[in-house]
Amino acid sequence: MLDACVTQGAGLQGLSTQAAPRLVVMASHDDRPSELPLLWSLCSAWSELGYFAVVLDATQSESANNPGLQQLLAPSSRPEDMPHEAMDTVWSIYPAAIGLHQLCAASQDRENTAPFEALEQLFQHYDVVVLYANAGVLAANLPDSRIEPLLAVSTNGRSVLTAYQAMKQLLLNGRLQPTIVSMVDASDQSSLASARNLNKSLQGCAMNFLGRQITTLSVDMRQDDEEAPRDVNRLALRLLENEMPRQPDASMSAWRQATSDNDIGKRSH
């Protein structure tokens, strides 16, 4: 189970002095039944704690009928072409596949630049920016970026297989350090035992076949009331420690200039 020593006070202390949003990355391995419950539970937990979150879903592409990050990065876009904040959730969700590719390409074209600085500028009035993207996309576009993606996995056989493949892509191709999150029902001993075996198996595969150590967590997803599960709350607070990765002497003046007059994506507290 997630270490209970992570307290709300610690999370609040880490966020109290921040001027920039925190970045949380979740790597998809095409197992949305495992990934989405954790993603939405984390967003719900941040909302209950009073933090504004925005989800950039890079598994979905932007379009004229479904605008997102691509349009937010284009200051010349007409207001009617801009995405609008969701009305059915307290957090915002934008498709981001094309926009993420553009950010990463621009970063590679400029020496010593970090793609996340544009996100920091664009979403400066949010507390948490969540990037949800396929593991292969993260490994190919954000290698050595010091992000630590969450990799949600269930005890389903296919989930374990695709999670291992995603872990391999992140570790070897992207040189990124994932955290395996196994969802469990703590009231079910068989669920706890399966999660322990799963974590040990993935840790063993990472060390024996990939030569890498990985962190694994078991998170109790039981929800006895309207609030987010307690383990999810602890994980949400722990993730607030994640700053936007950046490179020394990074210069994003072009992106800052391009987004300085664009108020879309900025939320007032």
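Biologist: Which residue in β6 is the bridge partner of A152?

Modeller: The partner of A152 is V181 in β6. This is a predicted model, in which local features need pLDDT of at least 70 and side-chain atom pairs pLDDT 80 or more, while totals for chains, interfaces and linings use all residues. Residues are numbered from 1 along each chain as its sequence is written, and side-chain values use heavy atoms, leaving out hydrogens and water.

Biologist: What makes β5 and β6 paired strands?

Modeller: Two strands pair if DSSP finds at least two bridges between them. Four bridges join β5 (residues 150-153) to β6 (residues 179-184), so the pair meets that rule. The two strands run parallel.

Biologist: Which way does the crossover from β5 to β6 turn, and through which helix?

Modeller: The chain passes through helix α7 (residues 157-173), and this β-α-β crossover is right-handed. That name means that, with the strands pointing away from the viewer, the path from the first strand over the helix to the second runs clockwise.

Biologist: Where do the side chains of β5 point?

Modeller: L150 and A152 point one way, L151 and V153 the other way, and all are buried. Buried means under 20% relative accessible area, exposed over 50%, and partly exposed in between (1.4 Å probe, protein chains only).

Biologist: Now the rings. How many aromatic pairs are there?

Modeller: The count comes to three aromatic pairs. One of them joins W40 and W91.

Biologist: Why is the pair of W40 and W91 called stacked?

Modeller: Rings of Phe, Tyr and Trp (its six-membered ring) pair if their centres lie within 6.5 Å; planes under 30 degrees apart count as stacked, over 60 as edge-to-face and the rest as tilted. W40 and W91 have 6.2 Å centre to centre and 20 degrees between the planes, so both values fit. W40 lies in helix α2 (residues 32-48) and W91 in the loop between α3 (69-72) and β3 (92-95), so the pair ties together parts 51 residues apart in sequence.

Biologist: Are W40 and W91 buried or partly exposed?

Modeller: W40 has a relative accessible area of 30%, so W40 is partly exposed. W91 counts as buried, because its relative accessibility is 12%.

Biologist: What makes the rings of Y94 and F123 a stacked pair?

Modeller: Their centres are 6.4 Å apart and their planes at 25 degrees, so this pair is stacked. Y94 sits in strand β3 and F123 in the loop between α5 (116-122) and β4 (128-134), 29 residues apart. Both Y94 and F123 are buried.

Biologist: Which residues do ring pairs link into a cluster?

Modeller: The cluster consists of Y94, F123 and Y126.
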